[in-house]
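Biologist: I have a model open in front of me, and I'd like to know how its descriptive words are earned. Could you walk me through them?

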Amino acid sequence: MDRTALDRLAGRKLVVVTGKGGTGKTTLAAVLGRLMAGRGKRVLLLEVDPRESLHQALGTEPSGGAVVPAGGGLWIQNLQPAAVIEALVHEKVPIPFLARKITESVGYRQFVDGAPGLKETALLGHAYRILEGKRSSDMVIVDAPATGHGATMLAAPGLLAQAAKGGQLGAMAAELAAYLADGSRCGVMLTTLAEEMPVQETLELIERLRAGQDLRPDLVVVNGMYPELCGADRGPGLWQARRLLNEAELARLTAAWDGPLAELPLLPLDRGPALVAALAPLLAAAP
Amino acid sequence: MTGALLGPHLTVVVGGGGVGKTTLAAALALGSASEGRRTLVMTIDPSLRLKDALGVSEEARDEPVRVMAEGAGLLDAALLDARRTFDRLIRTYAPDLAAAERIFSNRFYQDMAGRLSGILEYMAMERLFEMQASGRYERIILDTPPTRQALDFLQAPDHMMNLVDSRAIRFALDPWWDDARRKNLAFRIAAKGAMELADRVIGRRFLMDVVEFIRAFAPLFDGFRSRAEEVRDLLKAPGTRFLLVAGPGPDRVPDAMFFLRKLKETGHRTGPILVNQVHPDPGPGAGPGPALVRYLADRDQRGLALLRSLFPGEKVVVPVALEPVPPTDLQALGRLYQKLAAARPG
């Protein structure tokens, strides 16, 4: 039987990690990757942000689009949607000259920029192909864009399937949307801080996922909690005020979210492998 | 006092997510107003707390709302809403009501008007231009969405011009889509091939939605184009400054560098860098204290030192201390402004 949120996440093949910027999303995606790889899985961490930072969290070379080993059954890849779509065109149009003609045309660029959900669908489609086609990984964790965009990402295949109904593209998107809707294969982990805006966005995102895709996050991680200072170590008023603010916002979150929640403390470590290693056992202990 | 931080006319506040841009923009705007300037602050998505502090609610989505007036100075606040701005522009530029209705009823427009890349950001710029052109304000402070990605909004006017100029649109407007029209045979065969391919891959309905949208939109192109050019010029005007807000600590420095490099490359003027949420030094009297307190103070000092070493000389790095609680009323925002005004660039 599944006991903890981590056990449930370990049962998924595709996990999307999303949350407001500045909540430690990338570091927590790395922590989840390490934990899952630690369970003997081959895990690929996909980073979507064109400005790479995942490699810093794990202490590897930047990906630059390539799959880079991060040790212990974990790999990272920075993936740009334009490149994925271009690769797909080259695959579907086997004559290189023709494929190039297409990808260099103005109409193509406009279409890639403008088609609803195309870029997001391409990224998730890439993960899908790794899992169901090539089977080169047991699990793919997507370090998705910040909140608003993260929800858009999960809604994208359904939207594209609707818009491009009747074509091959629409059929591919519909297949992917069905895969994402299967809660036994796909999971979501949200990251936040116990501060007003992050909590607000998290509650809105939970509601958008429920209303839009009938998805429920497997885990909400509240990161960077200020410590409870007591006795002689109470510290200056600033610290107490921040801690009280954290507690009040955490209470607001838990009043509206009754699912699994992990509280992680602010740690005296810079972003990097040491921080990932220190957070791993704390996240593993989540209920 | 705010003069050192704000642009003469227009200040665009930029920075990554969660660095406190919106609060600082509001505090600076309040400061500008209390110095006797007619000031407008435009924000994208303020927290409830900040909306309460400013005393504004949803009605500010349509028109700026008065926050305070004191002597010659006043402060208005407006909330940005991309969809409403887009709708309003269409009503403004459509030759008649029927043309506007044709766009509003288009499925492609309904699905995607707010999603097209850069549209959200572009609409913020459009609204800014509208406010600037109204002449009601001496100073405008624009809070921007936390696009960590690529400062999309800087390219937004160009995106809009490209879209309007693109061959794809002329292609869509060409009557070859109409089966009834006769063209020369070779062209029709080529077009038919392209059409069939697109049809198979993308689906006819989607294609026709897009074509219909472009056709409905065509009468508005010239208006949009000239506005996009004016917006681009406004962002590069001598009276405009980009104010970067960065998070504390060395981990946030690459973020700040990225923004500054982009702004420089694109020929925009930058002001000082505000490093927000800096943890104060606990001081020698505080004893050893918890390791975390010491670490955060040291970490944030390391971040400041790094930024200062990267921007010696004319660039200024202004630290802003972490507030015990975010401002909940105008008085607290006013105090924050006093701190900003007193902060010594170093």
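Modeller: Gladly! In chain B, both faces of strand 1 are covered: Leu10(B), Val12(B) and Val14(B) on one side and Thr11(B) and Val13(B) on the other are all buried. Do keep in mind that this is a predicted model.

Biologist: What makes a residue such as Thr11(B) count as buried?

Modeller: The cut-off is 20 or more other C-beta atoms within 10 Å of its own. Five of the five residues in strand 1 (residues 10-14) of chain B are buried, so the strand is described as mostly covered.

Biologist: Which strands are joined to strand 1 of chain B by bridges?

Modeller: Strand 6 (residues 240-246) of chain B is joined to strand 1 by five bridges, and the two run parallel. Here Thr11(B) has Arg241(B) as its bridge partner. Strand 5 (residues 139-143) of chain B also runs parallel to strand 1, with four bridges, and Val13(B) stands opposite Asp143(B). Pairing takes at least two bridges, so five with strand 6 and four with strand 5 both qualify.

Biologist: Why are strand 3 and strand 8 of chain B said to stand at the edges?

Modeller: The open sheet of chain B has eight strands in the order 3-4-2-5-1-6-7-8, with mixed pairing. Strand 3 (65-70) and strand 8 (317-321) of chain B each have a single partner strand, so one side of each is left without a neighbour in the sheet. On average, neighbouring strands of this sheet are turned by 20° against each other, direction ignored. Within it, strand 2 (residues 38-43) and strand 4 (residues 73-79) of chain B pair in the parallel sense over six bridges, and Arg38(B) stands opposite Leu74(B).

Biologist: How do you know that the span of helix 10 of chain B is close to the expected one?

Modeller: Helix 10 (residues 204-217) of chain B has 14 residues and reaches 20 Å from its first C-alpha to its last, and 20 Å is what is expected at 1.5 Å a residue. Its buried residues include Phe206(B), Val210(B), Phe213(B) and Phe217(B).

Biologist: Now to chain A. Why are helix 10 and helix 11 of chain A called roughly parallel?

Modeller: Their axes come within 10 Å and cross at roughly 10°. Angles under 35 degrees count as roughly parallel, so helix 10 and helix 11 of chain A earn that description. Glu196(A), Val199(A), Thr202(A) and Leu203(A) in helix 10 meet Glu249(A), Arg252(A), Leu253(A) and Ala256(A) in helix 11. The residues of this contact divide into four nonpolar, one polar and three charged.

Biologist: And what makes helix 4 and helix 7 of chain A roughly perpendicular?

Modeller: The axes of helix 4 (residues 81-92) and helix 7 of chain A cross at roughly 70° and come within 9 Å. The range for roughly perpendicular is 65 to 115 degrees, so helix 4 and helix 7 of chain A fall inside it. Pro81(A), Val84(A), Ile85(A) and Leu88(A) of helix 4 meet Lys119(A), Ala122(A), Leu123(A) and His126(A) of helix 7. By class, that contact has six nonpolar, one polar and one charged residues.

Biologist: Which strands does helix 7 of chain A lie across?

Modeller: Helix 7 (residues 118-134) of chain A lies across strand 1, strand 2 (43-47) and strand 5 (139-143) of chain A. Angles over 145 degrees count as roughly antiparallel, so the angle of about 170° between helix 7 and strand 5 of chain A belongs in that class.

Key: Residues numbered from 1 in each chain as written. Chains lettered and ligands numbered in written order. Predicted model: local features only at pLDDT ≥ 70, side-chain atom pairs only at ≥ 80, totals over all residues. Buried ≥ 20, exposed ≤ 12 C-beta atoms within 10 Å, placed from the backbone. Expected span 1.5 Å × (residues − 1). Contact = placed C-beta atoms within 7 Å. Axes fitted to C-alpha atoms, helices over the stretch in contact; angles between N-to-C directions. Nonpolar A, V, L, I, M, F, W, Y, C, P; charged D, E, K, R; others polar.
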